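Biologist: I have a structure open and would like to learn how to read it, feature by feature. Could you take me through it?

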Amino acid sequence: MSSSEKAVLIKPALTEAQVVELAERLYGLKASNVQPMPSYDDQNFHILVSETQATRDHSQSYVVKVMNTVDSEDADLIEAQTRAMMFLSEKGFPSPTPIPTIDGKIMSLETIDCGEQSKTHMVRLLTYLPGIPLSETPIGPQILYKTGQTLARMNQVLAEFQHPILKSLQRPDFLWKLSNIHLLNKYLYTLEEGSDRQIVEQIIQQFQEVILPNLCRFRQSKSSSLLA
C-alpha cells in the first residue's frame, strides 16, 4: 500500500468461542459466559470467569476489547490510551485498567481466523466497570451537568499525564475530536430532511464561522484525544 492510499478499516467479527480461546490462551482465564457489548469500530465482550488457573478466584468479570484492523496497526496509539486509563485509575478516577497477559503484556497483537481469511487485531483485557450506559439513561439537565462535571474532572487529571508516546494521540483528522466538527459536513446526507438536520447544519455552520477561525486560541484538551 502506498502512502497516499488509506487503509480500509475492518471491524472485528470474533465468535464467542474465539473469545473464550483468547481469554484462556492469553490470560489463563476460563470464561463461563460471554456477552457482546456495544462498540463502534471495535468489538467488545463482557466475560464472566468461573475461575483463574493461577489463583482459583471465582465470579470475576472482565471486558475483552478487540481493536479494528486500522487501529491495530498503531501500537503506540493503543498503548498511550491504555497508559492514560491506568493513570486515571491511579489518581482515583473510575477507569478500566488492563489485565496483563500471561507473559506480562498489556496488549497482544493476534492473527485471528475470520472465515475466508485471517485478520490481525490488537487484543486487550480490561477490568469491568458495572453501571448504566449514558445512552440508556433519561437525559435531563441534572445528568448533563453531572456528565460535564465528570469530563472536567477527567481533563484536570489528564493534564498531569506524561508519557513518551503521548504525541500518538494527536490525530488531526480524527472525527470524534470536537475541533473537527466541520468535517461532519460530508455526512449530513445520512440525516433525513427535517428539524434535526437543520439543528446539526446550524451547529456546523456556527462552528465554521465562529470557532474554527479562533481555534488556535483555545487550550487543547487531552481527554478528547483519548476517545476510541
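Modeller: Let us go from the overall layout to helices, surface and single residues. Please keep in mind that this is a predicted model.

Biologist: Let's begin with the layout. How many helices and strands does the protein chain have?

Modeller: The protein chain has five helices and five strands. Along the sequence they come in the pattern α-β-β-β-α-α-β-β-α-α.

Biologist: What share of the 228 residues is buried?

Modeller: Here we call a residue buried when its relative accessible area is under 20%. Buried residues account for 33% of the 228 in the protein chain. The accessible surface of the chain is about 14600 Å², and 55% of that belongs to carbon and sulfur atoms. You can also look at contacts across the sequence: of those between residues at least 6 apart, 59% join residues at least 24 apart.

Biologist: Now a single helix. What span should the 12 residues of helix H1 have, and what does the model give?

Modeller: The idea is to multiply 1.5 Å by one less than the number of residues. For H1, residues 16-27, the expected span is 16 Å, and the end C-alpha atoms are 16 Å apart, so the two agree.

Biologist: And which residues of H1 are buried?

Modeller: In H1 these are Val 19, Leu 22, Ala 23, Leu 26 and Tyr 27. Because they cover an arc of only 100° around the axis, they sit on the same side of H1. Just after the helix comes Gly 28, with a positive phi near 70°.

Biologist: Let me try H4 by the same reading. What span should its 18 residues have?

Modeller: Helix H4 covers residues 141-158 and should span 26 Å; its end C-alpha atoms are 26 Å apart, which agrees. Its buried residues include Met 154, Asn 155, Val 157 and Leu 158. These cover an arc of only 165° around the axis, which means that they lie on the same side of H4. Pro 141, Gln 142, Tyr 145, Lys 146 and Gln 156 are exposed on the other side.

Biologist: Which helix do the buried residues of H4 pack against?

Modeller: They pack against helix H3, residues 75-90.

Biologist: On to the surface. Which residues form a nonpolar patch there?

Modeller: The patch is formed by Tyr 40, Leu 175, Trp 176, Leu 184, Tyr 187 and Tyr 189, which together have about 670 Å² of accessible area. Take Trp 176 as one of its members: it is found in the loop between H4 and helix H5. With a relative accessible area of 48%, Trp 176 is partly exposed.

Biologist: How should I read charged side chains?

Modeller: Side chains of opposite charge can pair when their charged atoms come close. A search of the whole structure finds nine salt bridges.

Biologist: Which residue does Arg 25 meet in a salt bridge?

Modeller: Arg 25 meets Glu 21, at 2.6 Å from N to O. The two are four residues apart in helix H1, so about one helical turn separates them. Arg 25 is partly exposed at 41% relative accessible area, and Glu 21 is partly exposed at 38%.

Biologist: What about Asp 103 and Lys 105?

Modeller: Their side chains also meet in a salt bridge, with 4.0 Å from N to O. Asp 103 counts as exposed at 56% relative accessibility, while Lys 105 is partly exposed at 46%.

Biologist: Is Arg 197 buried or exposed?

Modeller: Arg 197 is buried, with a relative accessible area of 16%. This residue belongs to helix H5. Not counting residues up to four places away in sequence, Arg 197 touches Leu 188, Tyr 189, Leu 191 and Glu 192. The side chain of Arg 197 also meets Glu 193 in a salt bridge of 3.7 Å, N to O, and Glu 193 is exposed at 68%. Elsewhere, salt bridges with shared partners join Glu 21, Arg 25 and Glu 110 into one network.

Biologist: One last residue, please. Where is Thr 69?

Modeller: Thr 69 is in helix H2, residues 69-72, and is buried at 11% relative accessible area. Thr 69 and Leu 9 are 60 residues apart in sequence, yet 5.7 Å apart in space between their C-alpha atoms. Leaving out neighbours within four places in sequence, Thr 69 contacts Val 8, Leu 9, Ile 10, Lys 119, Thr 120 and His 121.

Methods. Residues numbered from 1 in each chain as written. Predicted model: local features only at pLDDT ≥ 70, side-chain atom pairs only at ≥ 80, totals over all residues. Heavy atoms only, no water. Buried < 20%, exposed > 50% of the residue type's maximum accessible area, 1.4 Å probe, protein only. Arc of directions from axis to C-beta. Contact = heavy atoms within 4.5 Å. Patch = residues over 30% accessible without salt bridge, like charges linked within 9 Å, V, L, I, M, F, W, Y side chains within 5 Å. Areas by Shrake-Rupley, 256 points an atom, 1.4 Å probe, with all protein chains shown as cover.
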